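Let's take a friendly walk through a protein model, one piece at a time. Please keep the sequence and the 3D view open as you read.

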Amino acid sequence: MQPAFSASLMCMDFLQVENQLKVLNNAMDYYHIDIIDGHYSKNLSLSPDLMKAFRKVVTKPMDVHLATTNPEDWIEVCANAGAAYISPQAETINHHAFRILNMIQQAGCKIGIVLNPATPLQYIESYLGRVDLLTIMTVDPGFPGQPFIHEMIGKIKEAAKLREEKGYKYKIQVDGAVNKSTFKELNRAGADVYVLGSSGLFNLDENIELACEKMHQNFAEATQR
């Protein structure tokens, strides 16, 4: 599977939104939209209203990460705002997971699920066969700029092995401190989609075109792909 790249829009320059999105359309495969409610994580981030504005410019699918205490409250509004994937945190849905997954499908979106670093893969094994996009957090959720948690390499390998054994369809996405220092081991472990935030993309250069070029060069040099 060819590697794919997703720009984490919570890390973009909000004084240059339209210009940056137009450049990212040519350099990215997905847009990663963090919806953070201030409860699940003590931060606030993007919103469905911003997604509606982004949709006027973006040409690539938007993956919505629901870092929210009550993800069911956000599914319909995010779908209406243009989400292609909706990815709730596993820790917030497991008391009614199948109902939430059905809600995502009924809203016309593909099913994502997000695992925190401390949550084992076995926590979601009963419904992994329904998942299109499995996001493995490689930092604790909520804030950019955190250090990479190396113990997650084992979880990525486990997810890749289980997918092969069971014939599952999900793509493995990694989110958190994804950059030139971690590309090699993430690629070797089996990652398919790389969420790029401040360290992996936006802080590489003030010029977003140059930042994208540097990101792709960093990935190629680290992985030989």
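What follows goes from a strand to two helices and then to a pair of cysteines. Please bear in mind that this is a predicted model.

A good place to begin is strand β6, which covers residues 133-137. How many of the five residues of this strand are buried? Five of the five are, so β6 is largely enclosed by the rest of the structure. Follow the side chains along the strand and you will see them point in two directions: Leu133, Thr135 and Met137 go one way, while Leu134 and Ile136 go the other way. Residues of both sets are buried.

Now look at the strands that pair with β6. Strand β5, residues 110-115, pairs with β6 in the parallel sense over four bridges. Within this pairing, Gly112 stands opposite Leu133. Strand β7, residues 171-175, also runs parallel to β6, and five bridges join the two. Here Ile136 of β6 is placed opposite Val174 of β7.

Ile136 deserves a closer look. Its relative accessibility is 0%, so this residue counts as buried. Which residues does Ile136 contact, once its neighbours within four places in sequence are left aside? They are Leu115, Lys155, Ile156, Ala159, Ile172, Gln173, Val174 and Asp175. You can also use Ile136 to compare sequence with space: Phe5 is 131 residues away from Ile136 in sequence, yet their C-alpha atoms are 15 Å apart.

Some of those contacts lead us to helix α6, residues 152-166. At 1.5 Å a residue, its 15 residues should span 21 Å, and because its end C-alpha atoms are 21 Å apart, the model agrees with that expectation. The buried residues of α6 are Met152, Ile153, Lys155, Ile156, Ala159, Ala160, Leu162 and Arg163. Lys155, Ile156 and Ala159 were among the contacts of Ile136. As for what the buried residues of α6 pack against, the elements are β5, β6, β7 and α7. Just past the helix comes Gly167, with a positive phi of about 70 degrees.

Next, turn to helix α9, which takes in residues 208-223. Its 16 residues should span 22 Å at 1.5 Å a residue, and the end C-alpha atoms are indeed 22 Å apart. Buried in α9 are Ile208, Ala211, Cys212, Met215, Asn218, Phe219, Ala222 and Thr223. Why do these buried residues line one face of the helix? Seen down the axis of α9, they fall within an arc of 125 degrees, so they share one face. The elements that cover them include β1 (4-8), α1 (17-27), α7 (183-189), β8 (193-196) and α8 (198-202).

Both ends of α9 reward a look. At its start, a side-chain oxygen of Asn207 comes to within 2.9 Å of the backbone nitrogen of Glu209. After the helix comes Gln224, whose phi is positive, near 60 degrees.

Finally, consider the cysteines. The structure holds zero disulfides. Cys11 is in no disulfide, and the nearest cysteine sulfur, that of Cys212, is 13 Å away. A disulfide would need the two sulfur atoms within 2.5 Å, so 13 Å is too far for a bond. Cys11 counts as buried because its relative accessibility is 18%, and Cys212 counts as buried at 3%; the cut-off for buried is under 20%.

Methods:
Residues numbered from 1 in each chain as written. Predicted model: local features only at pLDDT ≥ 70, side-chain atom pairs only at ≥ 80, totals over all residues. Heavy atoms only, no water. Expected span 1.5 Å × (residues − 1). Buried < 20%, exposed > 50% of the residue type's maximum accessible area, 1.4 Å probe, protein only. Arc of directions from axis to C-beta. Contact = heavy atoms within 4.5 Å. Polar contact = N/O pair within 3.5 Å; in protein donor to acceptor, adjacent residues only side chain to side chain. Pairing = 2+ DSSP bridges.
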